[in-house]
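Visitor: Hi! Could we go through this structure together? I have a few quick questions.
Guide: Happy to, let's have a look.

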Amino acid sequence: MTLNFSSRPIFPANPSEDNLLSSLRIANGYVVEGISDKNSNGFGKPRHFNWEIEDSYDCRRDRADRECYHEPISNDILDILPSDPFGMDISATFTAITGWIEDMEADSENYVRDEAGAMKGDYQFVAGLNFIWNSALRFQTEPGSIGIGERSSPVGVFHGWVKDNEFGDGSCDGGFGSVTAVCNVEETPSSNDDDSYAAACHQSNECHEAAEDCPHGEEAEAPHEGLLLSLGYLGVQDLLSAERVCRTLCSAVQNDSLLWMNIHIDQPLSERITDDALMLLIGRAQGSLQSLSLVECSRITDDGLKRILETNPRLKKLSVPGCTRLSVEGIVNNLKAFKLSGAPGIKHLRIGGLYGVTNEHYEELKLLLGSENCQQSKDHKPRYFHCGHLSLSCDDDRAIDIEMCPRCQNLRLVYDCPAESCQGQQTAAQLCRACTLCIARCVQCGRCINDGEYEETFCLDLLCSSCWKQLLNCPERQEEKDVTTKNTIFHQETARYHIHLDG
Amino acid sequence: MSMISGDKSSTEILSLKSSDNEIFEVKKEVVLESITLRGMVEEDEFSDTLIPLPNVEGKILSKIIHYCQKHTEARAKVNGSEGAADSKEIKDFDSEFINVDDKTLLGIILAANYLNIKDLLDLGCQKIADNIKEKSVEDVRKTFNIKNDFTPEEEKAIREENLWAFD
């Protein structure tokens, strides 16, 4: 990326400026001709230039200079450099160039701001050049230097700039970059102007302006309003991620109570969430939590649940399947206290997976839920056993998920059978409807497995023969026909098996 | 463009004008998919004129009209005959329809919100949510071109507050 001087006549085609032109070209040429590759180090082959000026001054000094050019940071070189090797009256040159740069600056300010890209680069380039020349001028007037008319070689300029690093102008690399950009002018005249300006701009930016967003790509901005609308469709973990993206999203996630009115905690948060963390999340609902679903949250305690109920009187649905630290007594007591506090109370409760539910508990719960007059379960839609059942237990409109198993009379989750042969049975005895201890079921389709063929999975679930065959027939699993198939299949299965794998 | 006026039957055609002055002629029953427009139309204010929609640009409006047309037709079919086969058809249409670039998607969401077309809003928001799901914070910023305007301290504080939720 270089500047193309040929298409942008920066140098005025003014006879009095010819010397200027030639001096600069030579100045650049000194460095440029040395550049044989794209290396930004401008010291490729200084010897070439040195040979040209050998006749004009002491060649011993040149050779010394040559060495020094490879190590630019050297004070001695300044004393060795010839003041005006070409007899050009360099003081006039400096004045001319300074004036020219000032003109360019003035012009830049008048440019239309819309063309910020190119113009900005233009201005930056000018500013860069200005910097270089000002440094050189400053160098010229330094005490100890011979005088304006004497230290005028372009190399002096270059070194003057380098010396400037030590003056603490606060622009080391950027400035160096600018010089490089300038020096690379002649190298690839066919380069894209914009690219080169961008390069100069980019490099000059570092020394002349505070860091800005990349001028090349789109500026990053505040999130689109549509994103805020979509927050409500994210799960809890994704909401917590979104919180970290930017301030707008953070504020939306933390302060919009609508996002937190229905909280569902599933894997992988289930085993990580504690009472306190849950309270923090629920706090965002600002007291208007309506439904809470905790699937296999093994760290939530009865006390934690109590605190939740105390602070959220509008809670209507509570689902805590597989929360092993919760006890039936605890739930019953909590719901009693909740009702006594004047809240309308929970209307839908899911406690499937909780052990030790006695009839007394069951009756009390039914009372608390206000469902003692509710219709019989056969009026509800049928519930089929499926490995993801723990997550879906809030779907139907029953007040409580457990009921008395028709076969063993225990209070458990009772399932219907989707098998055609089991449909349409009229008598209760023939009805294929019981808990999974009484009637084993396929974990995939929920069909009863009685004497039919079945396979036992690695997780001790049962698969009926047709589901098993379906899994085996899956194309990517054709090669895996050995004993380990069961394990690998379930590792590859979708999230519905995830719960069992983690259990 | 002329408009059938004075015809109060269900084949009445209404004109919608987008923010960039594109005009769309749409059947009334399709327009009624939008609760917002239903309110406007039923008040009889616009039955003879153009309904201007300064919040919606032509490109987005055309997509929304297409969606509403398709859903109106599907609903008519369901009412007339067995709907089971059609629900797969409409699901396929929906997934195809919403498979657009993020910018268009966000435009559709805003328009569906303004026009109050619940199904389309759900469809669009769910798609964006799916795009965000399980992405890292930096990926979300890149995908939606969002600037990180937190100070390092703020960022650290939030990360620590939610540390329990992440690996």
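Visitor: How many residues apart are B:Lys156 and B:Glu160 in helix 8 of chain B?
Guide: They are four residues apart in that helix, which runs over residues 152-161, so about one helical turn separates them. Keep in mind that this is a predicted model. The side chains of B:Lys156 and B:Glu160 form a salt bridge, at 4.0 Å from N to O.

Visitor: Are those two buried or exposed?
Guide: In between: B:Lys156 is partly exposed at 45% relative accessibility, and B:Glu160 is partly exposed too, at 48%.

Visitor: How many salt bridges does the structure hold over all chains?
Guide: There are 18 over all chains. Another one in chain B joins the side chains of B:Glu12 and B:Lys28, with N and O 3.8 Å apart. B:Glu12 sits in the segment before strand 1 and B:Lys28 in helix 1, so this pair ties together parts of chain B that are 16 residues apart in sequence.

Visitor: And how buried is each of them?
Guide: B:Glu12 is buried, at a relative accessible area of 3%, whereas B:Lys28 is partly exposed at 22%.

Visitor: Switching to chain A, what does A:Asp416 form a salt bridge with?
Guide: Its partner is A:Arg433, and the closest N and O atoms are 2.7 Å apart. The two side chains also make a polar contact, at 2.7 Å. Both residues are buried, with A:Asp416 at 15% relative accessibility.

Visitor: Where do the two lie in chain A?
Guide: Both are in the loop between strand 6 and strand 7, so the salt bridge ties together parts 17 residues apart in sequence. A:Asp416 and A:Arg433 also belong to a network of salt bridges with A:Arg398 and A:Glu403. Beyond its sequence neighbours within four places, A:Asp416 is in contact with several residues, including A:Pro382, A:Tyr384 and A:Arg441.

Visitor: What about the interface, how much area do chain A and chain B bury between them?
Guide: About 3,200 Å², with 63% of it on carbon and sulfur atoms. A:Tyr233, A:Arg244 and A:Arg247 supply 25% of the area that chain A buries against chain B, more than any other three residues. The contact takes 32 residues from chain A and 35 from chain B.

Visitor: How many salt bridges are there between the two chains?
Guide: Two. A:Arg284 and B:Glu161 meet in a salt bridge through their side chains, at 3.6 Å from N to O. Helix 10 of chain A gives the largest share of the side of chain A that touches chain B, namely five residues.

Visitor: Which residues touch the most other members of the largest nonpolar core?
Guide: Those are A:Trp260, A:Ile265 and A:Leu292, in a core of 112 residues. Apart from that core lies another, of ten residues, among them A:Cys405, A:Val414, A:Ile439 and A:Cys448.

Visitor: Last topic: how many disulfides are there over all chains?
Guide: Zero, from a search of the whole structure. For A:Cys323, the closest cysteine sulfur is in A:Cys297, 4.8 Å away and too far for a bond. A:Cys323 is buried, at 0% relative accessible area.

Visitor: And how far is A:Cys467 from the nearest cysteine sulfur?
Guide: That sulfur belongs to A:Cys464 and is 3.6 Å away, and A:Cys467 is in no disulfide. A disulfide would need the two sulfur atoms within 2.5 Å. A:Cys467 is buried as well, at 7% relative accessibility.

Note on methods:
Residues numbered from 1 in each chain as written. Chains lettered and ligands numbered in written order. Predicted model: local features only at pLDDT ≥ 70, side-chain atom pairs only at ≥ 80, totals over all residues. Heavy atoms only, no water. Buried < 20%, exposed > 50% of the residue type's maximum accessible area, 1.4 Å probe, protein only. Polar contact = N/O pair within 3.5 Å; in protein donor to acceptor, adjacent residues only side chain to side chain. Contact = heavy atoms within 4.5 Å. Core = buried A, V, L, I, M, F, W, Y, C linked by side-chain atoms within 4.5 Å. Buried area = accessible area lost by both parts, 1.4 Å probe.
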